[in-house]
Every structure is written in structure tokens, then in C-alpha cells.
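Visitor: I'd like a close look at a single part of this one. Pick a stretch of the chain, stay with it for a while, and then tell me how the surroundings fit in.

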Amino acid sequence: MKFRVLLQSLALPFVSGVPLEFRSTAGVPTGLPADQISINSVSTYGTGCPTTDSVSITLADNNTVLTVGFNDFQTFVGPDIASSQSDKTCSISLNVYYPGGYTSAYLNATYHGFAELDAGVSGNISSLYSFPGTIGSGAFSSTNTNINTGGVYLKADHIPLVSKVTSPCGRNATAVIRVRVKIGGSNSTLSGTLTDDDVSLVLTQQVHSGKTVCK
Ligand SMILES: *[C@@H]1O[C@H](CO)[C@@H](O)[C@H](O)[C@H]1NC(C)=O
Ligand SMILES: *[C@@H]1O[C@H](CO)[C@@H](O)[C@H](O)[C@H]1NC(C)=O
Ligand SMILES: *[C@@H]1O[C@H](CO)[C@@H](O)[C@H](O)[C@H]1NC(C)=O
Ligand SMILES: *[C@@H]1O[C@H](CO)[C@@H](O)[C@H](O)[C@H]1NC(C)=O
Ligand SMILES: *[C@@H]1O[C@H](CO)[C@@H](O)[C@H](O)[C@H]1NC(C)=O
């Protein structure tokens with residue numbers, strides 16, 4: 001089996017021993033509705049998104065919809081492929097504004113990607129959603145999608161923020177989404193590639209009563 005994308009990847013210089021980390025931040029918008037949950041800023045870092053050019057960040061609909069496109073979030077297995085190519089992550093850190101008095105909020109995440117797998121090769125797209133600094137430890141949600149057939153795939157997560165977040169009422173708080181793409185074969189002669197092309201994140205909140213008072 002041959003992979004067009006694989007050849008491109010192998011042509012890239014490989015630097016070992018250097019932490020692959022790069023942060024890109026979308027511009028902070030002005031004039032967003034004060035009564036609406038919204039995303040202030042975004043940064044990305046990890047082996048699946050190592051450079052500015054490896055991600056494209058788009059905010060829409062008053063910063064309630066974020067799309068992160070990945071140009072380089074590809075994993076590979078094969079006879080001559082370094083094992084580091086089989087397991088990559090990208091963490092997306094969001095600074096989120098929570099309006100005063102909101103009752104509940106949700107995060108929908110939809111991932112699109114592509115798999116080309118020999119029989120005996122499979123992979124996982126897993127996502128860890130965490131909310132550091134908002135409440136104590138344990139504030140996370142984890143999902144995993146096992147992919148064992150080739151072609152395009154879709155992974156969709158629906159994360160309720162209300163049970164995870166103790167009302168960061170009328171203030172900003174951080175949410176981190178750690179996406180991991182991991183591929184593996186049942187023996188070392190097999191080849192495959194698994195890619196995460198993009199994720200779209202949609203924040204929604206339920207209509208609040210207006211009676212809740214921020215502390
Ligand atoms: C953005 O918010 C303003 C003020 O609430 C509203 O009039 C407008 O329709 C919103 N636009 C979008 C795309 O949601
Ligand atoms: C979020 O996902 C849930 C469950 O799949 C769905 O019912 C809801 O309509 C979605 N909301 C948005 C804004 O896409
Ligand atoms: C590797 O796995 C494939 C698919 O299961 C099998 O056809 C092949 O014989 C295996 N090769 C070795 C060396 O075990
Ligand atoms: C939230 O962060 C944005 C962007 O840095 C800032 O403009 C705004 O004043 C902050 N809001 C609060 C309530 O801290
Ligand atoms: C994918 O996850 C499943 C469990 O959900 C596990 O059995 C399998 O080994 C994982 N595959 C890889 C390549 O990590």
C-alpha cells in the first residue's frame with residue numbers, strides 16, 4: 001500500500017530531543033454580547049500542531065463557533081516509520097467568557113479526518129476535556145473513537161459544561177481540549193495512516209433567568 005501524504009511527511013526534517021510546542025492565538029474580538037458565552041482567545045500546542053502553519057483558527061457567530069483546521073495532524077505506522085509518528089497530540093486551550101447568571105452551557109465538538117489502513121491496523125481519536133482553575137481536580141470528560149476502517153470518519157462529542165463548571169459567573173475561565181491520534185498495527189510489517197483534519201467547537205448556553213447574582 002502506498003501513501004501520498006506519507007512521502008511528504010518523510011521528506012520533512014526530523015528533529016529529536018526538542019519539545020515540539022508552538023502557541024498561536026486568535027485576535028481578541030471587541031463588542032461581543034455581554035450576556036452570551038463566548039471564546040476570547042485560542043492557543044494550540046503539541047506534536048500534532050507544532051507550528052503556526054500547522055493550524056488555521058477561525059472564530060464565527062460572536063465567537064461561539066471555533067474551527068481549528070489541522071495541516072499536520074497525521075500519524076503513520078509502517079516498516080520504515082519511526083514509532084514517534086504513530087502517536088500525536090494537539091491541545092487546544094480556550095479562554096472562555098461565561099456571562100453572569102447563565103444556567104447551563106454545552107460544548108459540541110465535531111472532528112473530521114481520514115484513515116487509510118492495512119487489515120490489522122487500527123487507530124484511536126481520543127479527546128480529553130478539562131477545565132483547570134474553574135473547579136477542583138476531576139473536572140474532565142474523556143471520549144475515545146476506535147477507527148478500524150479506511151475512508152473519512154466523523155467523531156462527535158457533546159460535553160455539558162454545567163456539571164463540570166461551578167458557575168464562573170461573569171468572568172473568564174480556561175477550557176483545554178487535548179486531542180490524541182494514535183495508530184497501531186498487529187505486526188510491524190503493516191502500514192497505515194490516520195489523520196485529524198479539523199475540529200469544530202460550538203458553545204451554547206440555555207437562556208438564563210437573569211435572577212442569578214454573581215458573587
Ligand atoms: C452577535 O451579537 C449581536 C448582539 O447580540 C447580535 O445582534 C448578532 O445577531 C450576533 N451575530 C451572530 C452572527 O450571532
Ligand atoms: C449538540 O449536540 C447535541 C447532541 O448531539 C445536539 O442535540 C445539539 O443539537 C447540538 N447543538 C448544536 C448547537 O450543534
Ligand atoms: C502481519 O499481519 C497480517 C495481517 O494480519 C498478516 O497477513 C501477516 O502475515 C502478518 N505478518 C507477520 C510477519 O506476522
Ligand atoms: C475576559 O477577557 C477578555 C479578553 O482578554 C477581556 O477583554 C475581558 O475584560 C475579560 N472579562 C472579564 C470579566 O475578566
Ligand atoms: C484503541 O482503543 C482501544 C480501546 O478502546 C484499544 O483496545 C486499542 O488498543 C487502541 N488502539 C491503539 C492503536 O492505541
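Guide: Let's settle one term before anything else: a residue counts as buried if 20 or more other C-beta atoms lie within 10 Å of its own, as exposed if there are 12 or fewer, and as partly exposed in between. By that yardstick, 31% of the 215 residues in the protein are buried. Keep in mind that this is a predicted model.

Now a quick map. The protein has 1 helix and 11 strands, and reading from the N terminus the order is α-β-β-β-β-β-β-β-β-β-β-β. Of the contacts with a separation of 6 or more, 78% join residues 24 or more positions apart.

The part I'd zoom in on is strand β6, residues 105-117. Its residues sort into two faces. The covered face is made up of A105, L107, A109, Y111, G113, A115 and L117, while Y106, N108, T110, H112, F114 and E116 make up the uncovered face.

So who pairs with β6? One partner is β11 (residues 192-205), which is antiparallel to β6 and joined to it by 13 bridges. You can find this pairing at A105, which sits opposite Q205 of β11. Another partner is β9 (residues 151-160), again antiparallel, with 10 bridges to β6. Look at A115 for that one: its bridge partner in β9 is G151. As a general reminder, strands of a sheet pair through backbone hydrogen bonds, either parallel or antiparallel.

Within β6, Y106 deserves a moment. It belongs to the uncovered face, and it is classed as partly exposed because it has 15 C-beta neighbours inside 10 Å, which falls between the limits of 12 and 20. Setting aside neighbours within four places in sequence, Y106 touches H158, I159, P160, L161 and T204. There's also a long jump in sequence to point out: I37 is 69 residues away from Y106 along the chain, yet the two C-alpha atoms are 10.0 Å apart.

Now for the surroundings. Elsewhere in the model there is an open sheet of 5 strands, ordered β1-β5-β10-β7-β8 and paired antiparallel. Its edges are β1 (38-45) and β8 (140-147); each has a single partner strand, so one side of each has no neighbour in the sheet. Strands next to each other in this sheet are turned by 15° on average, direction ignored.

Follow β7 (residues 121-130) through that sheet and you meet a partner on each of two strands. With β10 (residues 171-185) it makes 10 bridges, antiparallel, and with β8 it makes 8, also antiparallel. Y129 shows both pairings: its bridge partner in β10 is I177, and its bridge partner in β8 is S141. For another match along β7 and β10, check S122, which stands opposite G184.

One last stop is ligand 3. The residues around it are A119, G120, S186, N187, T189 and L190. That shell splits into 2 nonpolar and 4 polar residues, with no charged ones.

Key
Residues are numbered from 1 along each chain as its sequence is written. Chains are lettered from A and ligands numbered from 1 in the order in which they are written. This is a predicted model: local features need pLDDT of at least 70, side-chain atom pairs count only at pLDDT 80 or more; totals for chains, interfaces and linings use all residues. A residue is near a molecule or strand if its C-beta atom, placed from the backbone, lies within 6 Å of it. Ala, Val, Leu, Ile, Met, Phe, Trp, Tyr, Cys and Pro count as nonpolar, Asp, Glu, Lys and Arg as charged, and the others, Gly among them, as polar. Two strands pair if DSSP finds at least two bridges between them. Helices (H or I, at least four residues) and strands (E, at least two) are DSSP runs, numbered from the N terminus. Axes are lines fitted to C-alpha atoms, for helices over the stretch in contact, and angles run from 0 to 180 degrees between N-to-C directions. Two residues are in contact if their C-beta atoms, placed from the backbone, lie within 7 Å.
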